[in-house]
Structures are given as structure tokens and as C-alpha cells.
Amino acid sequence: MSQVVTAAPDYAGQFAAWSSAVPLPAPLADMRRDAFQSFEQLGFPTTRLEEWRFTNVAPITKIPFVAPEGASSLSRESLDRLQLPQLGGAELVFVNGRLAPDLSSTTGLPDGVRVAGLAEMLAGQAGAVAGRVGQLAGAAGQAFTALNTAFLGDGAVVEVDDGVVVETPIHLLFVTSPDTAPVLSQPRVVVSAGANSQVCLVESHAGTGEGAYLSNAVSEMWVADHAVVDHYVVAREADAGYHVGQLVATLGRASNFSSHAITLGGAIVRNEARVILGGEGGECTLNGLYLGTGRQLVDNQTTIDHATPHCDSHELYKGILDGQSRAVFNGKIIVRLDAQKTDAKQSNKALLLSEGAQVTTKPQLEIFADDVKCTHGATVGQLDDEALFYLRSRALSEEQARQLLVHAFAADLLGHIKVGAIREQLDALLLERLPVGS
Amino acid sequence: MAAGNVMSTATQTVEELAKQEYKYGFVTDVEQETIPKGLSEDVIRRISAIKQEPEWLLEWRLNAFRVWSKMSEPEWHNVHYNKVDYQDISYYSAPKQKKQLESLDDVDPEIRATFDKLGISLDEQKRLSGVAVDAVFDSVSVATTFKGTLANLGIIFCSFSEAVRDHPELVRKYLGTVVPHSDNFFAALNSAVFSDGSFAYIPKGVKCPMELSTYFRINAANTGQFERTLLVADEGAEVSYLEGCTAPQRDENQLHAAVVELVALEGATIKYSTVQNWYPGDAEGKGGIYNFVTKRGTAFDNAKITWTQVETGSAITWKYPSCILQGDNSVGEFYSVAVTNNRQQADTGTKMVHLGKNTRSTIISKGISAGLGQNTYRGLVRIGKGATSARNFSQCDSLLIGDRCGAHTFPYLEVKNTSSQVEHEASTSKIGEDQIFYCRQRGLSTEDAVNLIVNGFCKEVFRELPMEFAVEAQKLLSISLEGSVG
């Protein structure tokens, strides 16, 4: 690590400076103050909390992260070096949580779609978005969300009007580039998809350099009646990077929402997703793929809240763990009273490739209605010796055989990814950097 | 409309059955020796003195009490109840013995009558079923049958107090080795104040010729029961143990915090079956037993522990019979049926801790919720670093009867060894109207149809129960289910 870590983290001091340096309209400024208070009260989570039992964030608490008040710069070359997928549509690039207008482009968007920086939106026609921020992802009991809200400043806003179909995916790129001090990047994403609209969003999180940083992102999404939203989060943080992401989505009647969490790098990566099926006939898909190597810790926490009848949800998470990496999966499905005809499926499968890898999985069902179909399954295993033997007997080397099997393990998840550029990149990545194990 | 008729018949049946009084609710008026309410070191010293216990056991109790005083009551479970005031409980009550018991005939006639009502007349048991019964009546064993037959084989089966008196070396060697005195809030409480319980020791290579059985019974008002069971199967021994429970009807909630420890030494097999039918409270959830139990077994090399439980009673059940698979090739099994009806709440499941190589475990859990019942399965499967080639299969199914009940599952899987295989499956369903319709068509009443379907749902577990228990379990299920149709 190139940084010299000396001082203890001083979030109170930073908050005071941030409040005056980054002005917000009155209700939001109040929310920011309240959020900081609840962060102060909560402190960073400890393993004594049920939701954090297996995820020790002690390393995060010890590093004095600094949230940069001004804009940070990043050259086009260093951005290209990250080899993020080219989606060919609108692209917003954020560096250390701040929009970098020179790297971003919003051309080619159809009418009725607004893609812009949160700071810019709040400064201009604040109306709709100011009323949305913080409404879904409340700070109560959630220390990281509270921290994000306390340092609310910039982020991405995507608004799609009723009936508008956005054909090319919208790319939101969050690059954290620590320089001399450990950086705290806290973007906020606010998405609203109007009735009968259709949109695909890709969030890429990446880091440069070898310094430590914390990317603490919060996304809030409103999916109106009959809307279709596809959402992808590709966390490809640097080795010394920490990532905590919270996604909260609320779904209208007969809407369709899918979110794919793909975790490829980072020291500790925690993805939280909470989806509220708030209208009848809603459908929700949460998928995840995580590859762990070295001493990484990947934690996926999902909650699907079947609040209304006749909703379907599908969840498939797959993990491939190598080295000393650890994975945590906690999938909660709540079926509320009278949410009849619910169909919820959940599955978490993990493949352990090395002696030191570990998995902790907790699929959790809470059901308060009787006419429902709920299933969950979890498996933890290793490569099948017989399958390996079969391939070896057909003249594949041990390494090739293992790669093929590991690729096949992840293949069905790749099949669910509709954005070609992401799928192809993942496909190549799986074959090339795939952990081979021992 | 056919379906409509089915529904209304079902509702009627439900109402009729729901009104059914708790069959075993009665209070036997036996003189009791009761210590004043409250818990302190003095109370523990007094319990120990009454029971004429050796110094080491008193020390052990006091240590447990000191640990307990610093603990707070757990709140992570998924059940809601009014907190227990631990100073408002009398921690010891024993039927006053009028004279030394020479034979069954000397047993207090009132107690005998109680057992008769429960259908476990000692003579009957002795003569017909070949089951040795160590009947625990409010904490003190009043009679033990078949002692002679067992003694010939070197099997020790007696009340805990007797074991402390007659076999202190065995008790001291194994007590607290599986559930330490500081294990959890309720186990620590039990360790401090346990009144009596059962003790069994099966010597090396002996296969116990009969099912060992204990009937527990809570009697005096306001006396929580704190049983302690210790079961040791020496190398290569085999034993099947039955535990069945009924309790009289009460308005105040009664606390029950038992501890069961099983030690299966190399190559031993222990099968522990429970049918629990404590008073669940009335339809409004008034009264009923709080059942906070710690059950755990340690299996050494090649040993096998099987837990089978049918949980139909208690207002609150909080119970996780567990296996520590310490030895290589050891096997742990858990089969459970838990029924919650009216306002009953159950948070139950198991822990399988794989430490040895080639250890295997199976978990089959069936949860049935009806009325306003809340049923939670909470399980842990932990594969330790050294548990090479460990294997686990878990299946937890829930059946919902009615639209106001809940079924929840909280399975934890922790895997730290790559050569292991862990599988978990869970499903939730209800009794289909088409299934009921099919049975009705073939001349079964709605109630019988529900019983049939529920019994089918639980078959995998009932199959594991010893014969007599399986019959009782099926009866219990049909009584406590009140055949509602969703």
C-alpha cells in the first residue's frame, strides 16, 4: 500500500466540512444531518449483528477514509486501461463519487429519458428527484446507508417517462482512484422508470491503483406499473478496494425487475439487494455470480418482500471460490399476510476449489400466507471427480478439464445476462482468469 | 359446489376439534415440598443440600449460577412471549415421600392414579410392553422398573440423583462435557438449579434389549421443571431412548428448561426419540408451557446419534437437538415433525457440527402450521476445516393449513472444507383442495383426508420412531391439528 495511514478516521470533522462545502436544498440537508446522527449512533456494524455475523468489517473501520469534496481527475487512458465493457449508449463516469462530465456522454438518448448527475439535477430542476432521494433506502439500522446519506452530494439520476423504451443500456461507471489518502466514494443512484417503460442499466464499479478505498454505493429504484427494468452491477474493485452496495427497488403492478450482481474483485465486497413487490403480478429476478480468490470476502444479502399477491420471484446465486476466499450468502424471502399465489424460488450454489475457501449460506423464508409456492435450495460442493475423469479420459489436461467444468458451472447464469458486451466479457474472463485451484 | 361443501365441513370439523379440551389437563393433589420463590446462591445450596449432593456438584451448580447471572436472555429467536420473571419461580418441588419405596405398590396411590390417567400404568408397562419406565413426577423419580433385567447386563438406568449417589465417578466424568454449564442462558440456568432427571450408562459392547423410556410431567403450579438427562453409551454399545411429555392444564405460563446430554463413544449408537405434548395454551394463547431445551450429543469415532422428535405441544418451543460429530466416520441424524396450532410458536431445528473425517449427517424437518401458529426451522450445518469428505443432506418442508399461520426457515450452512458436500432443500406448500377432493370422492371424511395427507407428509419422520411412539405420534398429530383445510 502506497498510503501512509496515520490518523484515526474522523467522520464528524469531515461531515462538518462536507455540509458547508456541498450545499443541498433544505429538506435534504436535514436528512443528511439526521443520517449522520444515526451513523454516529450505530457505528460500523460488528459481527454481533445477525446481518453481519460472517462479515467482519473491522479493516474498513480502521482506515481513515476521506471523502473528496471537490472533483477528482482521471485521464481517458487510465479509464481505458480498466477495460470496462463498451455498451455504446449513454455513459456517465464518476470519479471518486463525483461526476466527470468530460468523460461522460449522454448523446443518442430518446426523448423522455433524462440521465444526469445528481448534483446537477438538484441544482437545476430539483422537483422529482429531490423528493425521491432517501425515500427507499432509509438510514435506520443501516450504518453504511446512513454514511452514504450523510455525505450525499453527487450520483446518477435516470428518469424514464411513461411508455418510453430505451434500447441501448445506460452505463453508470464508478471509478475510485485513491491518490495519497484512502478515498471514500459514496455515489447515490436514483432511478425511476415510468409506467410501460423499458430500460437497462449497467453499474460498473472499478478501482485504480494499489491504495485502499471504500466505495459505498446506494441505489434506489422505482419501477412503475408494467415497466421492465434490467439492472447489472459489475463490481470489479481493485485488490485493496472495499465495496458496500445497497440496492432497494420497489415494483409496481405487473412490472418486471431483474438485477444481476457480478462480483469479480475487491478485498471485501458486500452487495445488499432489497426488492419490494408492491403491486400484483410483479416479477423479480435477482441473480448473482461471484468469483473469489486470495483472501477476498464476498457477501451477498438479498431480501425479496412479497407484499402483494400473485407475484413471482426467482433467485439464483453462484459462487466459485479459490484460495483463502470466503463467501457469505443470505437470501431472505418474506411472504406477507395475504400475499397469496406467491411463487418464490431461490437457489445458491457454491463451488469450492481450494482447501482454504469457505462458504456460509443462509437461505431464509418467512411465510405468512398459505397458498404459496416457496422453495429454496443451497449446495456447496467441489468439482465432480467422475466428470473430471471423463474429460481426462478424452485427452483434456487436468487444467483444461477443471476450467471447462468451472465454466460450465457458471454457464447458466451467463445465459441470463442479456447485455451482450457483459456476457462476452464475463465468458472470456471465466475461461481465462478462472481459478484453477489445487 | 363441491369444493364449497368441503370447505364448510372442514370449518365445522376445525371448530369441533378446536373446542376439544386438553385431554391430559388435570392437577394431582399431592403434598409438595417446595422451596420459596426466587433464585440465589442460597436456593442452590438448599437444593443441593436436600438432594444430599457431593461438594463438587454444588460447586458446579454455583459456577453455572454465577455465569448465568451475567448472561442476558437470548432474543435472536423468532418467537414472542412475555418475559419470564426468574425470581418468581420456585426452583424445587418434590412429592413428599412418606416412606422408603420397596416396590411399585409403595408408590403414592395418587401418583399412580395420575399415571393411569396418562395411560402409562407402571404395571401395564412392565407386563405388556417390555419398556422400562423411569417416571419423573415433578422432578423426583418415584419408581424405576425393569432395573433388575438391565442390571444383569451392567446397564445403569436410574434417576439423576441416584446416579450422583451411586455412580458419582461416571456422572462427574461426563456431566457438562457435551453441554457445558456456560453454554447458553437456559442451559446455565438448568445447570444451576436442575432438580432431577435420568441417567443411563450402557457398558462396552452391550446392546440394550429394550427401549429405555421416561415420562416427564410438570405438576405443582409455579414450579419450572429443570430436568437433566445424561446418556452415555460406551464403546460399541447400542441404545434407544424414549422421552414423552404431558403436562396438566395451567393458566400461568410454566417454564421448562431441560438439558439432555448424549455421549456416544467409539462405535456406539444412540437413538433418542421424543414425543412432546405439553399444554399449548388455549385457543387465545393463554397459558401453555415455555419449552426452552438444550439437547446435544457428541459422537466419537464410528458412533451414531439419531434424534427423532414429534413436537405438538408447548406454547413456545425453543429447541435444537444437535450432534457434534467429533470422531471420524460418525453419523448424525435429525428427524423432526413440529406442529403449531392456535397461537403456538415453535423455533426448532438442529445443529450438525462436522469435525471428524467422513462424517455424515441427515436432517429431515417437517413443519406444520395451522390456525395462528408460527413455525420456524432454524438449523446449522457446520463443516469444520478437518472434516474431509463430510456429507450433509438437509430437507425442510413446511405445510401451511389456513391463511393466518406462518412458516419460516433459517438454515445456516458454514463450509470450511472443500471435499465436503452440503445440500439443503426446502419447500412450503399447503394441502391442496384437489387432494382433499380426491380423498372425499373415495369416501373419506374431510378430517380423515387431512389426517391422511398430514401423515403422509410426516411419513419420513414417523418411520424413524419406535413402534409404540409412532402410533402415539400419529394420534397426537390428529388431535393437535384440528384438521383445518386451507
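Me: pLDDT is the predictor's confidence in each residue, from 0 to 100. Which elements of chain B have the lowest and the highest mean pLDDT?

Reply: Among the elements of chain B, helix α5(B), residues 122-129, has the lowest mean, 43, and strand β16(B), residues 322-325, has the highest, 95. Helices (H or I, at least four residues) and strands (E, at least two) are DSSP runs, numbered from the N terminus. This is a predicted model, in which local features need pLDDT of at least 70 and side-chain atom pairs count only at pLDDT 80 or more, while totals for chains, interfaces and linings use all residues. Residues are numbered from 1 along each chain as its sequence is written, and chains are lettered from A and ligands numbered from 1 in the order in which they are written.

Me: What is the mean pLDDT of chain B, and where does pLDDT stay under 50?

Reply: The mean for chain B is 78, with 74% of its residues at 70 or more. The value stays under 50 over residues 1-15 of chain B, where the model has 21 contacts beyond four places in sequence. It also stays under 50 over residues 216-223 of chain B, with 33 such contacts. A contact is a pair of residues whose C-beta atoms, placed from the backbone, lie within 7 Å. Where pLDDT is low, the predicted coordinates should not be read in detail. The model as a whole scores ipTM 0.70 and pTM 0.78.

Me: Why is A:Gln14 called buried?

Reply: A residue is buried if 20 or more other C-beta atoms lie within 10 Å of its own, exposed if 12 or fewer, and partly exposed in between. A:Gln14 has 20 C-beta neighbours inside 10 Å, so it counts as buried. A:Gln14 sits in helix α1(A), residues 11-21. Leaving out residues up to four places away in sequence, A:Gln14 touches A:Val66 and A:Ala67. The C-alpha atoms of A:Gln14 and A:Ala67 are 7.6 Å apart, across 53 residues of chain.

Me: What makes strand β8 of chain A largely enclosed by the rest of the structure?

Reply: Of the 10 residues in β8(A), residues 198-207, 9 are buried, so the strand is largely enclosed.

Me: How do you know that β8(A) is paired with β5(A) and with β10(A)?

Reply: Two strands pair if DSSP finds at least two bridges between them. Strand β5(A), residues 170-176, runs parallel to β8(A) and is joined to it by 7 bridges, so the two pair. A:Ile170 has A:Leu201 as its bridge partner in β8(A). Between β8(A) and the parallel strand β10(A), residues 228-236, there are 9 bridges, so these pair too. There A:Glu203 is matched with A:Val233.

Me: How do you know that a strand of chain A pairs with β24(B)?

Reply: The same test applies: 7 bridges join β20(A), residues 373-381, to β24(B), and at least two are needed, so the strands pair. They run antiparallel. A:Cys374 has B:Thr428 as its bridge partner.

Me: How many residues of chain B are in contact with chain A, and which element gives the largest share?

Reply: 28 residues of chain B are in contact with 30 residues of chain A. The elements giving two or more residues to that side of chain B are β23(B), 406-415, and β24(B), 421-430. The largest share, 10 residues, comes from β23(B).

Note on methods:
Contact = placed C-beta atoms within 7 Å.
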